[in-house]
Amino acid sequence: MGTTADRFKAAVEAQDLDAVEELFTEDVRLYSPVKFTPFEGRPMVLGLFGVLLRTFEDFHYVGELAGSAQTAAGPDGGSADSAILIFRATVNGKQIHGIDLLQFDEAGRIKEFTVMVRPQSAVQALGEAVLAGLVEDGLVPQA
């Protein structure tokens, strides 16, 4: 069956949102490089994943690191088992290098998810594409 990180990688690469959903807590928080505040709750985070799966071209994971780290929930958030998944993708012709930091609850489900990408031009391309997808899907109002 593998670790949660293994199951998450397989679900994302297969573009299987139902399998991704099973791995998130109800109150999952996703910290994005294109938005200051986190995306909160399973419905919103899954909606974002639907947009991302349509936006990324040639998405694939190229490495994994495991350990523990303090959560973003603040100083009282404590430390959580964590995995870093290293990925490569393309968005609107821009090559992206990035990491997904997954942090798990006691049951092994993903409670916090932080995405970091480079270079800056790719962050801009990703932000524009994701915003357009979120508006298209009715997840955020049109600016």
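**Exercise 1: Follow the sheet**

Work out how strands S3 and S4 run relative to each other, and how many bridges join them.

*Solution.* Start with S3, residues 57–70, and S4, residues 79–91: the two run antiparallel and are joined by eleven bridges. Keep in mind as you go that this is a predicted model. For one pair to look up in the viewer, take Tyr-61, whose bridge partner in S4 is Phe-87.

Next, step across to S5, residues 94–104. S4 and S5 also pair in the antiparallel sense, over ten bridges. Here Thr-90 stands opposite Gln-95 of S5.

Then move on to S6. Eight bridges join S5 to S6, and these strands run antiparallel. Leu-101 has Thr-114 in S6 as its bridge partner.

Finally, put the strands in order. The open sheet has six strands, arranged S2-S1-S6-S5-S4-S3, with mixed pairing. Its edge strands are S2 (39–40) and S3, each of which pairs on one side only.

**Exercise 2: Spot the unusual backbone**

Find which residues other than glycine have a positive phi, starting with Gln-15 and Asn-92, and locate the cis peptide bond.

*Solution.* First, recall the background: most residues other than glycine have a negative phi, and most peptide bonds are trans.

Now look at the loop between H1 and H2, where Gln-15 lies. The phi of Gln-15 is near 55°.

Go on to the hairpin of S4 and S5, which has two residues between the strands; Asn-92 takes a positive phi near 50° there. Is Asn-92 buried or exposed? Exposed means over 50% relative accessible area, and Asn-92 has 55%, so Asn-92 counts as exposed.

Last, check the bond between Arg-118 and Pro-119: this peptide bond is cis, with omega about -5°. Pro-119 sits in the loop between S6 and H4.

**Exercise 3: Explore the nonpolar core**

Identify which residues touch the most other members of the largest nonpolar core, and decide whether Phe-113 is buried or exposed.

*Solution.* Begin with the core as a whole. It has 39 residues, and those touching the most other members are Phe-8, Phe-24, Phe-49, Ile-110 and Phe-113. Elements supplying at least two residues each include H1, H2 (17–23), S1 (24–31) and H3. H3 gives the most, with eight residues.

Then zoom in on Phe-113, in strand S6. Buried means under 20% relative accessible area; Phe-113 has 2%, so Phe-113 counts as buried.

Now trace the contacts, leaving out residues up to four places away in sequence. Phe-113 touches Phe-8, Phe-24 and Phe-49, among others. Phe-8 in turn touches Phe-24, Phe-49, Ile-110 and Phe-113, among others.

**Exercise 4: Describe the largest pocket**

State the volume of the largest pocket and say which element gives the largest share of its lining.

*Solution.* Start with the volume of the largest pocket, which is about 270 Å³. Its lining holds 21 residues, and Phe-49, Leu-52, Leu-53, Phe-56 and Phe-59 lie nearest the centre.

Next, sort the lining by element. H1 (4–13), H3 (42–55), S3, S6 (110–118) and H4 (120–136) each give two or more residues. The largest share, four residues, comes from H3.

To finish, sort the lining by class: 17 residues are nonpolar, two are polar and two are charged.

Terms used: Residues numbered from 1 in each chain as written. Predicted model: local features only at pLDDT ≥ 70, side-chain atom pairs only at ≥ 80, totals over all residues. Heavy atoms only, no water. Pairing = 2+ DSSP bridges. 1 Å grid on protein atoms, 1.4 Å probe; cavity = no way out; pocket = protein on both sides within 12 Å on 5 of 7 lines; lining within 4 Å. Points joined across faces, edges and corners; volume = space filled by probe spheres on them. Nonpolar A, V, L, I, M, F, W, Y, C, P; charged D, E, K, R; others polar. Core = buried A, V, L, I, M, F, W, Y, C linked by side-chain atoms within 4.5 Å. Buried < 20%, exposed > 50% of the residue type's maximum accessible area, 1.4 Å probe, protein only. Contact = heavy atoms within 4.5 Å.
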